[in-house]
Amino acid sequence: MKTKQSGIIWVSIGLFLLVMGLYFLISPQTTLAAIAWLFGLTMLVSGFVDLSLYAARRWVYGASIWVLLDGAIDVLIGLAFLCHSWLMAELLPYLLAIWAAASGVVKLAGGLTDRKRDVPFWSAQAVVGVVLLAFGVAIVFRPMIATIGISAIVAVSLIVQGLMAMMRGLYAAPPRS
């Protein structure tokens, strides 16, 4: 049942999301720093989980140093992002560029390989590869493209979610009995 209290809560949440979305829209570096911090936290947790599972179930994994190494690398990356989120925010566009360019090359090569095998829709994969490669190269020369793009996506998502929450709080009718 909709009560006055639930309406106030939804409107408050909506206003918070709306304000954060607008702030992230006008402050792209803050958006990247927040994303970098959350990524660092995610990597840290993932690394500790990997290390814990390895320690607890070493007999399942055998003496594989790779599982242990994967957990250790995740922890180190997580700490780097958490301790230096502003620096990592500066690097995020370049990491995105490297990922996009590498993914583009792989997709383009896959599309061309599929062409030789007469696989249908090979050209779609090749076109996506070219677009990703071009996007990656563009970001290397203009990293602000990624900064503004990432910030805009996060900001618009928060603004839309905020407006939806406010509408829910203001206009949602109580359920019929």
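A residue is called buried under 20% relative accessible area, exposed over 50% and partly exposed in between, using a 1.4 Å probe and protein chains only. The structure above is a predicted model, in which local features need pLDDT of at least 70 and side-chain atom pairs count only at pLDDT 80 or more, while totals for chains, interfaces and linings use all residues. Residues are numbered from 1 along each chain as its sequence is written, and side-chain values use heavy atoms, with hydrogens and water left out.

Let us start with helix α4, which spans residues 65–83. Helices here are DSSP runs (H or I, at least four residues), numbered from the N terminus. Ile77 sits in α4, and because its relative accessibility is 30%, Ile77 counts as partly exposed. Leu76 belongs to α4 as well, and it is exposed, at 59% relative accessible area. Follow Leu76 across to Gly47: 29 residues separate the two in sequence, yet their C-alpha atoms are 8.3 Å apart in space.

Ile77 is also one member of a nonpolar patch on the surface, together with Phe39, Ile65, Trp66, Leu68, Leu69 and Ile73. Such patches gather residues with over 30% relative accessible area and no salt bridge, joining nonpolar side chains (Val, Leu, Ile, Met, Phe, Trp, Tyr) within 5 Å and like charges within 9 Å. A salt bridge, in turn, is a side-chain nitrogen of Lys or Arg within 4 Å of a carboxyl oxygen of Asp or Glu. The seven side chains named above offer about 640 Å² of accessible area together, as computed by the Shrake-Rupley method with a 1.4 Å probe and, for residues, only the protein chains shown as cover. Helix α4 supplies the largest share of this patch, six residues.

How do the helices pack? Two packed helices are described by the angle between their axes and the distance between the axes. Axes are lines fitted to C-alpha atoms, for helices over the stretch in contact, and angles run from 0 to 180 degrees between N-to-C directions. For α4 and α5, the angle is about 115° and the axes are 6 Å apart. That makes α4 roughly perpendicular to α5, a label for angles of 65 to 115 degrees (under 35 is roughly parallel, over 145 roughly antiparallel, and the rest oblique). Ala80, Phe81, Leu82 and Cys83 of α4 make the contact with Ser85, Met88, Leu92 and Leu95 of α5, where contact means heavy atoms within 4.5 Å.

Helix α5 (residues 85–116) also meets α2 (residues 28–56), with axes that come within 8 Å and cross at roughly 105°. Here too, α2 is roughly perpendicular to α5. The α2 side of the contact includes Gln29, Leu32 and Trp37, and the α5 side includes Trp86, Glu90 and Pro93.

Now move along to the loop between α5 and α6 (122–141), where Asp118 is placed. Asp118 has a positive phi near 60°, although it is not glycine, and it is exposed at 67% relative accessible area. Phe121 is in this loop too, with phi near 65° and a relative accessible area of 72%, so Phe121 is exposed.

Finally, look at helix α7 (residues 144–171), home to Val154. With 23% relative accessibility, Val154 is partly exposed. Beyond residues up to four places away in sequence, Val154 touches Phe24, Thr31 and Ile35. In helix α1 (residues 4–26) you will find Leu17, which, apart from neighbours within four places in sequence, is in contact with Leu158, Ile159, Gln161 and Gly162.

Technical notes. Helix = DSSP H or I, 4+ residues; strand = E, 2+ residues; numbered from the N terminus.
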